[in-house]
Amino acid sequence: MSTPGLKFTSEDYRGFLECVHCGLCLPSCPTYAENGNEADSPRGRIYLMKNVADGRLGISPTVARHLDLCLGCMACQTACPSGVHYGQLIEKARSVVEAQYSRPAVDRLLRRAMAAVLPYPTRLELALLPVRMLRAVGLGQVLESAWLRRLMPRKLQPTLSLVPVLPPLGSRHAPGEFVPAEGKRRYRVALLTGCVMSVLFSRTNQATARVLARNGCDVLVPRGQVCCGSLHLHMGFREEGLALARANLDAFSPDDVDAILINAAGCGAMMKEYDKLFAGDASCAARAESFTRKTKDMSEFLASIDLNTQFGEVKARAVYHDACHLAHAQKVRTQPRQLLQKIPGLELVPLAESDMCCGSAGPYNLVEPEMAQQLLQRKMDNLAKTGAQLVVTGNPGCILQIAQGVRERGLPMEVCHTVDVLDRAYQAARVSP
Ligand code: SF4
Ligand code: SF4
């Protein structure tokens, strides 16, 4: 639900004024790097927002277009020496666009459908049933056929290529509500299993629980947890996003655990913003503050403890791709690399532009497929030069996007999550004599 009449506030306006137009963020902005258009740069977008706030511009199709094309990757926030909080500005701008701009009907429907399905695991599983059934009877290639694509709205056509090999139906309920520590208990942690993550990557969630247990963690998976709210908030559906975030505040008890962990970069970035989202809400501000304080990405947590290094060998040449919401939004860059470097046999080689967005960016590759494809091709050009067999990253959207690029180019590469590689190394230790 959008909020009619929603406008920029004086606080937002102060945020616009923090931008001194130096342009130092421009080279790191993926959309500007691709099309060289000032209005598709951070500085240009802030200028547009300020003009809307001043009443000099309305939310015309052109203004909406430049704001929609922003990936929300936060690379500009990393680059900005003036500390402009671009993430907060663009998120507010998206809500203003949804409130004030009437999108073409197909766009509106597509966005609404995504917001109604993706963040809800049962609905997402139902939506994927036809894919599962076609693959089960050996007709999976129908999904790649040109005639099926012609029947679909143009923007939806690339989505079919994104659907990965699906884990068994119902496996999202594993690892259950509690996984005990192996050996002496050192920590008690809570895990958010995510929406898309739990449906498409339930195996990675199970690997996460195993890796944590191997490190002496009792792992709680609280009932009542839901999507972190980021999909809604990034599309400008603020009220729905806040409702989901509030449900998570009710489901988790931050004071009873050492950490609240997450293995999806986009969700972690949002959970670390709960304190700001609810700062003015006396009913839950304190709880949101302790929730945020306890939230950590898996790699951040594992790199901060005395890691169990009883690894077996994982013989592979690997590269690490920085998910935007881990590197730029959470500033977690060194920790996943440190963990991977501890695995015997794994050769970690550099990747050019490793922190340049791959085009996934939450629901971006579904609503802006052209720019998403351009950025994917740029990422694939860089990946192809490395000769890596493993592409490791910390976000489900990046895994889907890069795996699509790998399939299209026929590269001999596997794309997986950092925690999958750690789990593989622990499993290898179990089988080695
Ligand atoms: S969030 Fe990313 S795409 Fe958007 S302006 Fe900043 S760098 Fe560019
Ligand atoms: S956002 Fe920051 S880096 Fe970019 S133009 Fe403004 S002040 Fe400069």
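How far apart do the C-alpha centres of domain 1 and domain 3 lie? Keep that in mind as you read these notes on the model, which is a predicted one.

1. Let's start with the overall layout. The domain assignment splits the chain into domain 1 (10-100), domain 2 (109-162), domain 3 (171-303) and domain 4 (309-431). Now for the opening question: the C-alpha centres of domain 1 and domain 3 are 29 Å apart.

2. Next, have a look at where these two domains meet. Six residues of domain 1 make contact with six residues of domain 3. On the domain 1 side, the touching residues comprise one nonpolar, two polar and three charged.

3. Now turn to ligand 2. Its surroundings consist of 14 residues, and the closest are C19, C22, C25, R43 and C80. Two helices, α3 (42-54) and α5 (75-79), each contribute at least two residues to this shell. By class, the shell around ligand 2 holds ten nonpolar residues, three polar ones and one charged one.

4. The interior deserves a visit too. In soluble globular proteins, nonpolar side chains tend to be buried together. Here the largest nonpolar core has 116 residues, and V189, C324, C357 and V391 touch the most other members. Try selecting C357 in your viewer: leaving aside residues up to four places away in sequence, C357 touches P30, L71, C73, A75, C324 and L375.

5. Finally, is helix α9 (residues 129-136) largely in the open or buried? Zero of the eight residues of α9 are buried, so this helix lies largely in the open. Just after α9 comes G138, which has a positive phi of about 75°.

How values were computed. Residues are numbered from 1 along each chain as its sequence is written. Chains are lettered from A and ligands numbered from 1 in the order in which they are written. This is a predicted model: local features need pLDDT of at least 70, side-chain atom pairs count only at pLDDT 80 or more; totals for chains, interfaces and linings use all residues. A residue is near a molecule or strand if its C-beta atom, placed from the backbone, lies within 6 Å of it. Helices (H or I, at least four residues) and strands (E, at least two) are DSSP runs, numbered from the N terminus. Ala, Val, Leu, Ile, Met, Phe, Trp, Tyr, Cys and Pro count as nonpolar, Asp, Glu, Lys and Arg as charged, and the others, Gly among them, as polar. Domain bounds come from an automatic or database domain assignment. Two residues are in contact if their C-beta atoms, placed from the backbone, lie within 7 Å. A nonpolar core is a set of buried Ala, Val, Leu, Ile, Met, Phe, Trp, Tyr and Cys residues joined through C-beta atoms within 7 Å. A residue is buried if 20 or more other C-beta atoms lie within 10 Å of its own, exposed if 12 or fewer, and partly exposed in between; C-beta atoms are placed from the backbone.
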